[in-house]
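These are my notebook entries on one structure, set down in the order in which I looked things up. The sequence and the model come before the entries.

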Amino acid sequence: MRRAASLVVLALLADVVVGAQQPRFTPDDMLSVVSATVVALSDDGRMVAMTERRTRDNAETNHYRYGDPTYLAPSATRFVVINTDTGQRWFPMGDRLTQVRRAGFSPDGQRLAVVATDGAETPVASLWVGPSSGPALQEVTLTSTNRLTPNTTLEWTADGARLVVSMRAPERDRQAAAAFKALTEGPVIVHSSQEPFLEWDALNRESRWRNLAEVDSTTGAVTDRLPERKLSSARITRDNSAVVFQEDATGKTDYDVIGGTENRLLVWTRGDAEPKTLMTPKDLKGLTLQFADDGRWFAYAKQGEVFVRGIDGSPARSLTPKPTPPAEAPAVGTPDETKETEPAESFSAGAFSRDGSKLVVTSAKGWYVVTVADGARRQILTLDRDAEKNLRIAMLDWLPDGSAVLASWAARDRWDRGIVRIDATTGAMTTLVKDSRLYSGVRLSRDGRKVVVSVSDGDRPSDLFVTDPTFATLKPITILNPWLADRALPVSELVTYRDADGKELHGVLRYPANYVRGQRYPTVFEIYETFFDNGFNARAAFLASHGYAVFHPSVNLVVGRPGESWLKGVTAAANKLIDMGVADPDRLGVHGTSYGGYATVLLITQTDRFKAAINVSGKVNMVSFYTDSPRLGVRNTHAPERSQDRIGGTLWDYPERYLEHSAVLQADRIKTPLLNMSGDQDPNVPGSQSREIYYALRRLGREVEWVRYVNGGHRPPNSVAEAIDFETRILKWYDKYLKPEAPAPAAAGR
């Protein structure tokens, strides 16, 4: 594959026209690309269940029902089972579109269970069970007045006879639907600060009411395991003796966390009259629990220490105790003798080995394997203090025998990516696969003999492959989009550049599908935050097939000054592409969606280098947006205060920052023709934001257009026809302003 990538680059350098004779990639093609998601893998890895999804089959969503706990957006897919030994495929639910929500193989791999919904806007979930290798599954009639929740858990018991599911009384759904109707239709709606929750926050929590039950996979007999509670999560121990669950105990809306929930941790063991509390909401706040395979032990990090605890109620025990300070403070020496005390190492909890005897913990200094019994710690990976010097590495899984861990890794300055094996005793790192491809969704079978992984060359959609833990041979088990071989698709390249402050950044360039060295092209910049990895991008492929270079630049965002960051980063990226001889400096465009749309409009208030711009569902007024949160609770206050918008405080803390980052207040500086595209039913960034900038620019006599999708949401199109209309308008806008003349000759370079 590396040789193939090199040949592509050589072709570019040799002035070869790439894909010139191939049909263009169209909006209709965008809707037809198939993606696969693995939903279940048998313990021996012989059987894999997956869904195949196309955008065209899920183009419509009832955005009017956003926030209704009884509504599920469509997820129509083809459900496929593949034998990884033979490659044989079959359709357990029939060769048709189905709404599969959960799937799981029995421990011996001989049977398959599926939870599917009927596709209605208020869905009814059903359970289907049958042989994993065919014929078709059969629906199981449940002996309960309660119903399966559409997003139920689905786990086989160790004996393979029963399934653990979550259920809810129909009356709960009726109450939730009535509450939604009252909040959207009235006739009188009262909002009061005396209520502990924002109304939509309270309504969103209604879907947590559920009970846990076991279902006989043959007869459908239902046995309750946990009475109905407001469950945030629940799991049954591997020996089926206890249920460990987190119960929502939130007392009021939390403005510090989007959808913030305070939970208590409880365990209910067979034979006990009532569950026992393991951790109170105060104890559990801010913690992420890592459970051992048997479900009887869990670990977590608190204030830089990693603790382990059993569900038997035994007290927490630190595996990484902080050093004991000296009994007496050392005498203060002369300035030359005084040294700063290095802070104690701060640890995070990773995964348990299969037998629960070892735990991976991490810190800024490296990865460690800790023996749970005595806390003995061995370092298996050393990290540099400067994080930018380290590989991008993430743990995937333990090998079942506990001898090593698998991890994904990637270089920070080039597309060298792959999988490594790290010995749990010596720390020896063995490269299993290393090339320019993208590896994701790695699933190791429970017996450790097979791996299913999604692989892409970075320019085309991924396919599923099967291998063993050595990754010696990758065998494809899907060919999802063979028709794309006939389309003109772009080739991507990682580009390194420096912003106005001299900080090194990276961006992903997609060359025009008919790229010829020595010719400059109209170039559009799709902006959001940070980009590094490539991967199939349908809109970039569409634009590239019509003669555009497409670049995804990174920016170094600074809290309090995000607008300045866009100007420094995106314009520097434009300079780089011009220097490379790819971009025509007189034909630059810029667009973005959501946060990227916000950045786009803010950027063109600061520079007129771009000859066309497109804002998709982006905000333009930080003041009006701040408390405009229909059906979202605290989302629109949290974003500027604490998260993505990076304002750094409340409107009353930094009013000048909110004004400075409101593009509508600087609309008189905009010289770039702007296309705004929004959905009237967008609960995230209301369409009124696009309305504000449209009327402002129209009043100022500037080139502006506003396209409203009346039934659309945050991603505005809401049908196949609308999706084609949406992409076509983007292309026509750029064609109008960036393609009025013949291509200019390139300067020396590249």
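**Entry 1. An open sheet.** I began with a sheet of 4 strands in this predicted model. The strands follow the order β25-β26-β27-β28, the sheet is open, and the pairing is antiparallel. I then asked which strands stand at the edges. They are β25 (392–398) and β28 (429–435); each has a single partner strand, so one side of each is left without a neighbour in the sheet. From one strand to the next, the twist averages 20 degrees. As a general note, strands of a sheet pair through backbone hydrogen bonds, in either a parallel or an antiparallel manner.

I looked more closely at the edge strand β25. Its partner β26 covers residues 404–410, and 6 bridges join the two antiparallel strands. Within this pair, I found Asp397 opposite Leu406 of β26.

**Entry 2. Strand β7 and its partners.** I next turned to β7, which spans residues 125–131. Of its 7 residues, 6 are buried, so the strand is largely enclosed by the rest of the structure. With β6 (residues 111–117), β7 forms an antiparallel pair over 7 bridges. I noted Thr117 and its bridge partner in β7, Ala125.

Strand β8 (residues 138–140) also pairs with β7, through 3 bridges and in the antiparallel sense. Here Trp128 has Glu139 of β8 as its bridge partner. I recorded β7 and β8 as a hairpin with 6 residues between the strands. Gly134 lies in the turn and has a positive phi of about 100 degrees.

**Entry 3. Salt bridges.** I asked how many salt bridges the structure holds. The total is 46. I then examined individual pairs.

Arg162 and Glu214 meet through their side chains in a salt bridge, at 3.0 Å from N to O. This pair links distant parts of the chain, with Arg162 in strand β11 (residues 162–168) and Glu214 in strand β12 (residues 209–216), 52 residues apart. Is each partner buried or exposed? Arg162 has a relative accessibility of 25%, so I entered it as partly exposed. Glu214 has a relative accessible area of 4%, so I entered it as buried.

Glu214 also forms a salt bridge with Arg225, where the closest N and O atoms are 2.6 Å apart. Arg225 belongs to strand β13 (residues 222–236) and Glu214 to β12; the two residues are 11 residues apart, and the pair links distant parts of the chain. Both Arg225 and Glu214 are buried.

I also looked up Arg587 and Asp584, whose side chains meet in a salt bridge of 2.8 Å, N to O. Arg587 is buried at a relative accessible area of 6%, and Asp584 is buried at 5%. Returning to Glu214, I found a network in which salt bridges with shared partners join Asp159, Arg162, Glu214, Arg225 and Arg270.

**Entry 4. Two covered helices.** I asked how many residues of helix α8 (residues 595–604) are buried. The count is 10 of the 10, so α8 is largely enclosed by the rest of the structure. Its buried residues include Tyr595, Tyr598, Leu602 and Ile604.

Helix α10 (residues 635–642) is mostly covered, with 7 of its 8 residues buried. Among them are Arg635, His638 and Glu641. I then asked what covers the buried residues of α10. The cover includes α9 (622–626) and α11.

**Entry 5. A nonpolar patch.** Helix α11 (residues 655–660) contains Leu659. With a relative accessible area of 43%, Leu659 is partly exposed. Together with Val623 and Leu665, Leu659 makes a nonpolar surface patch of about 240 Å².

**Entry 6. Val710.** Lastly I located Val710, in the loop between β40 (704–709) and α13 (720–738). Its relative accessible area is 45%, and I therefore entered Val710 as partly exposed. Which residues does Val710 touch, not counting residues up to four places away in sequence? They are Tyr64, Asp680 and Gln681. I also noted Asp682, which is 28 residues from Val710 in sequence and 9.6 Å from it in space, C-alpha to C-alpha.

Definitions and conventions
Residues numbered from 1 in each chain as written. Predicted model: local features only at pLDDT ≥ 70, side-chain atom pairs only at ≥ 80, totals over all residues. Heavy atoms only, no water. Patch = residues over 30% accessible without salt bridge, like charges linked within 9 Å, V, L, I, M, F, W, Y side chains within 5 Å. Areas by Shrake-Rupley, 256 points an atom, 1.4 Å probe, with all protein chains shown as cover. Salt bridge = Lys/Arg side-chain N within 4 Å of Asp/Glu carboxyl O. Buried < 20%, exposed > 50% of the residue type's maximum accessible area, 1.4 Å probe, protein only. Pairing = 2+ DSSP bridges. Axes fitted to C-alpha atoms, helices over the stretch in contact; angles between N-to-C directions. Contact = heavy atoms within 4.5 Å.
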